[in-house]
Amino acid sequence: MMQKIGVAVLGATGTVGQKVVALLAQDPHFYVAELTGSASREGKPYGSTIDWRDDLSFPEEVRTLICKSPLDIESPYIISALPADEALKIEPMLAQKGHIVVSNASAFRMDPKVPLLVPEINAHHLDLLYSQETQGKLITNPNCVVAIASLGLAPFLKLGSIKHIHMVTLQAASGAGYPGVPSLDLLGNTIPYIAGEEDKIPQELRKIFGDPIHPMDLKVSVQVNRVPVRHGHMASIQLTYEKAVHVEEALEVLQDSSYKNIIKVHKDPTRPQAALDLKPNEMRVHIGRVSQGEDAHILRFVVLGHNLVRGAAGAAIENLRAYLSFIND
Ligand SMILES: NC(=O)c1ccc[n+]([C@@H]2O[C@H](COP(=O)([O-])OP(=O)(O)OC[C@H]3O[C@@H](n4cnc5c(N)ncnc54)[C@H](OP(=O)(O)O)[C@@H]3O)[C@@H](O)[C@H]2O)c1
């Protein structure tokens, strides 16, 4: 049997960090070797300091692991779920020390030497690692809604050149971490603002779909909303093409075998729904409502994904897997 690879998890007590721990415990290739929380938890056993909130069950094998300081980590491979300001300080130090750091944080996503990786779309961006001068390397995954929307968009971008993407997002409460948005602000309500999000989404999409050096020339307009859904980000997307494109062509490209394990297409007009379609380890994105717009140049669809899995923890684990296959090729 293949020996599993040990991974250190930074920010393992947070919303994303707990999901990383839970998913690594189910993974055939990796296990949790070390972990960190904030400084107040250092020296404490993970099992006694953690307030476990993830929908996946607590993996008993991590109970006695002692929370470390990030700079005491010894494992070569690290998944970071640190807040961006901490990531900005700590991740480059760890790369300098020779670690491979796969980060969920936004701190280095737009750095031209750092891959903003969705392996199913832009695995070739790992070539950027050759431009990083440190012994270790830094790889990032996109913002949670970008990770989901980019996978939904990928097949549609194959249908022809796009004049304009317009996207309206409905983003779950857990996207803001824990405790996140106060319950009295969000329950029975929709908040049409998430700080910084409407700028990040177009920039990150352009980087993901560009070549490693040059962002793609994509015109993207975004409006974001925080909605009282526990987990699951949805994006309603309208694409205006240069030429006429029909629903049948879109449905055909979505059937491509390369999307089999990544995208689930729904024909039921009431789907996808976060409450019905997202399992707590759901890596697939769900596409529905593929329809023609007001003229033959416009297609519309919705895409839904688990923000903590496909949008964060699961994405980082796939990035580590992609890195290992890149260096072993
Ligand atoms: N939530 C999402 O859907 C999502 C999706 C994609 C990316 N991200 C990104 O992933 C990262 C984590 O997000 P989250 O939602 O998991 O946040 P969170 O629930 O607030 O968790 C933050 C984690 O970082 C630790 N931490 C906080 N301050 C620290 C410090 N000064 N030094 C060291 N560790 C510190 C916390 O430890 P304690 O528990 O000890 O405080 C906790 O483990 C963020 O960069 C976020 O932008 C989040």
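On a 1 Å grid over the protein atoms alone, a pocket is an open set of points with protein on both sides within 12 Å along at least five of seven lines, a cavity is a set where a 1.4 Å probe fits but cannot get out, and lining residues have an atom within 4 Å of a point. Grid points are joined across faces, edges and corners, and a volume is the space filled by probe spheres set on the points.

The structure is a predicted model, in which local features need pLDDT of at least 70 and side-chain atom pairs count only at pLDDT 80 or more, while totals for chains, interfaces and linings use all residues. Residues are numbered from 1 along each chain as its sequence is written, and side-chain values use heavy atoms, with hydrogens and water left out.

**Pocket and cavity**

The second largest pocket encloses about 180 Å³ of space. Its lining consists of Pro92, Ala95, Gln96, Phe108, Asp111, Lys113, Val114, Gln132, Glu133, Thr134 and Leu138. Helix α3 (residues 84-96) supplies the largest share of that lining, three residues; helices (H or I, at least four residues) and strands (E, at least two) are DSSP runs, numbered from the N terminus.

One cavity of 30 Å³ or more is present in the structure. The largest cavity has a volume of about 50 Å³ and is lined by Leu117, Val118, Pro119, Pro142, Ala147, Leu151, Arg310, Ala315, Glu318 and Asn319. Two or more lining residues come from each of α5 and α10 (309-328), and α10 gives the most, with four residues.

The table sets out both linings by class, where Ala, Val, Leu, Ile, Met, Phe, Trp, Tyr, Cys and Pro count as nonpolar, Asp, Glu, Lys and Arg as charged, and the others, Gly among them, as polar.

| Space | Volume | Nonpolar | Polar | Charged |
|---|---|---|---|---|
| Second largest pocket | about 180 Å³ | five residues | three residues | three residues |
| Largest cavity | about 50 Å³ | seven residues | one residue | two residues |

**Two buried arginines**

Arginine 310, one of the residues lining the largest cavity, lies in helix α10. Its relative accessible area is 5%, so arginine 310 is classed as buried (buried means under 20% relative accessible area, exposed over 50%, partly exposed in between, with a 1.4 Å probe and protein chains only). The side chain of arginine 310 makes a polar contact of 2.9 Å with the side chain of glutamate 120; a polar contact is a pair of N or O atoms within 3.5 Å, where within protein one must be able to donate a hydrogen and the other to accept it, and residues adjacent in sequence count only if both atoms are side-chain atoms. A polar atom of the arginine 310 side chain also lies 2.8 Å from the backbone oxygen of methionine 283. Setting aside neighbours within four places in sequence, arginine 310 is in contact (heavy atoms within 4.5 Å) with Glu120, Ala147, Ile148, Leu151, Ile262, Glu282, Met283, Val285 and Ala315. Between arginine 310 and glutamate 282, which are 28 residues apart in sequence, the C-alpha to C-alpha distance is 7.0 Å.

Arginine 109 occupies the loop between β5 (100-103) and α4 (119-122). This residue also counts as buried, because its relative accessibility is 5%. A polar atom of the arginine 109 side chain is 2.8 Å from the backbone oxygen of asparagine 104. Beyond four places in sequence, the residues that arginine 109 touches include Asn104, Pro142, Lys200, Glu204 and Lys207.

**Nonpolar cores**

A nonpolar core is a set of buried Ala, Val, Leu, Ile, Met, Phe, Trp, Tyr and Cys residues joined through side-chain atoms within 4.5 Å. The largest such core has 42 residues, and Leu153, Phe156, Ile237, Leu239 and Phe301 have the most contacts inside it. Among the elements supplying at least two residues each are α5 (144-157), β9 (233-241) and β12 (298-305). Helix α5 gives the most to this core, with nine residues. A separate core of 34 residues includes Leu23, Leu35, Ile100 and Ala322.

Phenylalanine 301 touches residues including Leu153, Phe156, Ile237, Leu239 and Arg289, when residues up to four places away in sequence are not counted.

**Backbone geometry**

Arginine 289 lies in strand β11 and has a phi near 55°, a positive value in a residue other than glycine. With a relative accessibility of 47%, arginine 289 counts as partly exposed. Most residues other than glycine have a negative phi, and most peptide bonds are trans.

Tyrosine 178 and proline 179 are joined by a cis peptide bond with omega of about 0°, and proline 179 is in the loop between β7 and α6 (183-186). The peptide bond from arginine 271 to proline 272 is likewise cis, with omega near 5°. Proline 272 lies in the loop between β10 (263-265) and α9 (274-277).
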